[in-house]
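Thanks for sharing this one with me. Here are my notes, in the order I would walk through them with you at the bench.

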Amino acid sequence: AELYGIRNWGAGYFDLNEAGEITVRVETASGEIRSVSLMDIARGATERGLGLPLLLRIENLLDAQIARINQSFARAIESCGYGNVFRGVFPIKVNQQCQVIEEIAKAGRRFNHGLEAGSKAELIAALSILDNTESLIICNGYKDEEFINLGLQAQRLGVQIFFVVETPSEVDTIIRCAEREQVRPNIGVRVKLASKVGGYWNATSGDRSIFGLGSNDLIAMVDQLRHHDMLDCLKLLHYHLGSQVPNIRDIRTGVLEACRYYADLVEEGAAMGYLDLGGGLAVDYDGSKTNYTHSKNYSLDEYCVDVVEAIMGTLDSEGVAHPVIITESGRATVAYSSVLLFDILDTTRFEPVELEQTALSDGDHPMLMNLLDAVNNITPKNLQESYNDALYYRDEVRALYLHGQVSLRERASAENLFLQGAQKIRALLDEVDEVPVDLQALPEVLSDIYYANMSVFQSLPDMWAIDQVFPLVPIHRLNEAPTRSAIIADITCDCDGKIDRFIGRQKEHKTLPVHALKESEDYILGTFLIGAYQETLGDLHNLFGDTNVVSVRIHDDGSFDYSREIHGDSIADVLSYVEYQPQALFESFRKLAEKAVKSGKITPQQRKQILHTYTASMSGYTYFEK
Ligand code: PLP
């Protein structure tokens with residue numbers, strides 16, 4: 001557990017059992033801890049035809065995070081004597097999957113946790129799934145008349161819907177629609193804060209952020225609403241500093257600046273009553289508890305107390321009533337609940353291989369003999385020099401091969417000798433006080449490649465697109481010391497389809513400690529904390545489609561159910577996404593087979609077998625099947 005930092009990033013949700021398997025830990029209603037092995041879940045799913053790669057959604061963790069956020073705010077409100085309530089909303093864009101949104105609506109009901117919609121499609125989903133009129137629906141994003149009309153009609157049904165103005169032109173549209181429909185809308189306004197935050201996703205803060213109104217546009221909007229006698233409709237102030245804000249100081253600065261705007265809008269005569277802090281509550285992906293990009297230097301309780309205190313600190317001195325606090329935490333709500341499980345198909349080792357007839361003799365090319373000497377003479381005292389020599393002679397042999405002066409067999413001997421030398425040097429690095437700079441990367445250069453049955457592009461898009469780091473760990477054999485170190489390559493044939501940044505004892509490592517594969521046993525790894533942003537951003541690179549998905553619910557007695565399942569895309573599915581017609585494809589192939597029968601290349605029986613293989617492939621999983 002320590003080697004992979006499981007207890008650092010696992011937030012108490014993941015641990016290890018005595019069999020060396022990763023477990024998911026949940027707290028029952030009566031406060032007891034129940035643990036279920038991920039291997040048991042994977043095994044059961046495979047037996048049900050939902051093989052690897054498999055996206056696992058643990059419903060209890062979704063419920064637990066919603067409860068943690070709401071209860072933490074409730075405690076902060078209580079302990080600080082804050083005069084209003086917290087109403088969270090989940091931004092649908094962070095995980096739009098119906099099963100996830102349904103579970104959030106269900107788990108959020110007792111806290112009146114609502115939804116945030118950033119588009120018409122998301123609003124339609126929110127209106128249908130959120131069956132609690134105490135919860136809020138916050139509409140962000142660009143809104144046309146259709147979007148606003150739909151929201152206004154829903155308001156007639158008692159839904160608490162807020163239109164957040166993102167651009168000055170939206171004010172006109174909202175006023176026009178509201179006057180036409182004769183509905184008093186709940187209007188919010190997104191402001192551009194000058195506070196700029198650290199972390200990756202900070203482009204949504206600062207003057208150049210593409211969303212929100214500056215102070216001049218804000219005043220113009222207030223005047224416009226006053227002119228239409230609608231200042232009582234302006235109720236909410238919204239801002240969003242960016243996702244994954246790692247530093248609590250930035251969170252506090254944002255709240256302080258927003259409260260200044262809030263107090264002034266009250267002063268201008270707007271109704272107000274709601275302060276929406278947007279997202280930004282970070283996830284400690286690497287478990288370092290620092291203000292490093294993939295971490296955060298604050299706990300959830302600290303976040304809530306800081307927010308509540310910062311609001312009170314500003315508004316109390318202005319004599320402004322405390323607003324309902326809204327946050328749009330997405331990442332922190334869903335990240336923990338999904339794990340991608342996948343198996344390793346094969347490995348490459350950078351070690352010499354057994355070759356026949358390659359023992360060198362005096363008659364061999366002098367460059368080969370020099371290489372042999374260099375390798376034989378490696379000692380802890382001459383590591384750098386020996387490495388330089390071995391590299392030089394190996395490259396000379398490669399050049400000679402290009403000019404036809406050594407044979408393929410001789411070249412293979414040179415490659416083998418070089419790897420032998422490099423491995424010898426790597427082993428001796430532990431014995432020297434100071435590792436020469438040029439050799440520091442040798443362990444990575446010589447690490448294995450483990451080929452994983454999954455697509456980074458489909459399942460972990462942030463890993464290749466924006467260098468996001470997720471915890472990646474073997475989910476079994478953890479009571480055995482890992483003897484190899486590796487990087488992971490996926491099964492797309494793209495050189496970007498690899499993972500070479502890992503979380504361990506320290507923040508980041510370039511290789512992952514792994515176990516040697518066993519003949520008769522799958523080796524299964526899990527990528528954790530991937531519930532946010534990964535699913536719909538994934539793409540069909542190399543036509544690897546959606547993976548199998550199962551949702552698991554762990555019960556109070558420690559048993560678990562596969563509460564929902566979705567079979568991954570078939571090959572016919574992915575082909576049709578890119579406009580092929582599986583039936584037409586079959587017809588073309590059938591004609592080819594028929595022609596082959598006619599010309600006597602195959603028998604009709606062989607045709608039957610060939611077409612059967614074709615149709616079975618068409619309906620099969622896009623990933624490697626055993
Ligand atoms: N609200 C808005 C307006 C956003 O743009 C985002 C995402 O960046 C979020 C909420 C969710 O942020 P997070 O996932 O950091 O909680």
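**Notes on the predicted model**

1. Let me start at the end of a helix: glycine 81 follows α3, and its phi is positive, near 70 degrees. Please keep in mind throughout that this is a predicted model.

2. Helix α3 itself deserves a look. It has 22 residues and spans 32 Å from its first C-alpha to its last, close to the 32 Å expected at 1.5 Å a residue. Its buried residues are Glu59, Asn60, Leu61, Leu62, Ala64, Gln65, Ile66, Ile69, Asn70, Phe73, Ala76 and Ile77.

3. Now for the overall picture. The chain contains 21 helices and 21 strands, and its C-alpha atoms fill a box of roughly 100 × 75 × 55 Å along the principal axes. Of its 626 residues, 44% count as buried. Among contacts between residues at least 6 apart in sequence, 74% join residues at least 24 apart.

4. The domain assignment lists domain 1 (140–329), domain 2 (366–443) and domain 3 (581–618). Taken over C-alpha atoms, the centres of domain 1 and domain 3 are separated by 61 Å.

5. Which residues touch the most other members of the largest nonpolar core? They are Val189, Val307 and Leu341, in a core of 150 residues. Helix α3 (residues 59–80) gives the most to this core, with eight residues. Another core lies apart from it and has 17 residues, including Ile378, Leu383, Tyr393 and Leu417.

6. Leucine 341 is worth clicking on. Leaving aside neighbours within four places in sequence, its contacts are Leu38, Ala42, Leu52, Pro53, Leu54, Leu56, Ile475, Ile524 and Gly526.

7. Next comes helix α4 (residues 98–108), where Val100, Ile101, Glu103, Ile104, Ala105, Ala107 and Gly108 are buried. What do the buried residues of α4 pack against? Their partners are α3, β4 (54–58), β5 (89–91), α5 (120–129) and α11 (331–334).

8. Glycine 114 belongs to strand β6 (residues 114–117). Why does glycine 114 count as buried? It does so because 28 other C-beta atoms lie within 10 Å, and the cut-off for a buried residue is 20 or more. Glycine 114 touches Arg87, Val89, Leu130, Ser135, Leu136 and Ile137, not counting residues up to four places away in sequence. Glycine 88 is 26 residues from glycine 114 in sequence, with 6.1 Å between the two C-alpha atoms.

9. Methionine 454 sits in the loop between β14 (448–452) and α16 (456–459). Is methionine 454 buried or exposed? This loop residue counts as buried, because it has 29 C-beta neighbours inside 10 Å. Beyond residues up to four places away in sequence, methionine 454 touches Pro53, Leu340, Phe342, Ser459, Asp490 and Tyr623. Pro53 also appears among the contacts of leucine 341. Valine 514 lies 60 residues from methionine 454 in sequence and 17 Å from it in space, C-alpha to C-alpha.

10. Finally, the ligand. How many residues surround the ligand? There are 17, and the closest are Ser243, Gly279, Glu328, Gly330 and Arg331. By class, the shell around the ligand holds five nonpolar, nine polar and three charged residues. Arg331 is also where α11 (331–334) begins.

Conventions:
Residues are numbered from 1 along each chain as its sequence is written. This is a predicted model: local features need pLDDT of at least 70, side-chain atom pairs count only at pLDDT 80 or more; totals for chains, interfaces and linings use all residues. Helices (H or I, at least four residues) and strands (E, at least two) are DSSP runs, numbered from the N terminus. A residue is buried if 20 or more other C-beta atoms lie within 10 Å of its own, exposed if 12 or fewer, and partly exposed in between; C-beta atoms are placed from the backbone. Two residues are in contact if their C-beta atoms, placed from the backbone, lie within 7 Å. A residue is near a molecule or strand if its C-beta atom, placed from the backbone, lies within 6 Å of it. Ala, Val, Leu, Ile, Met, Phe, Trp, Tyr, Cys and Pro count as nonpolar, Asp, Glu, Lys and Arg as charged, and the others, Gly among them, as polar. A nonpolar core is a set of buried Ala, Val, Leu, Ile, Met, Phe, Trp, Tyr and Cys residues joined through C-beta atoms within 7 Å. Domain bounds come from an automatic or database domain assignment. The expected span of a helix is 1.5 Å times one less than its number of residues.
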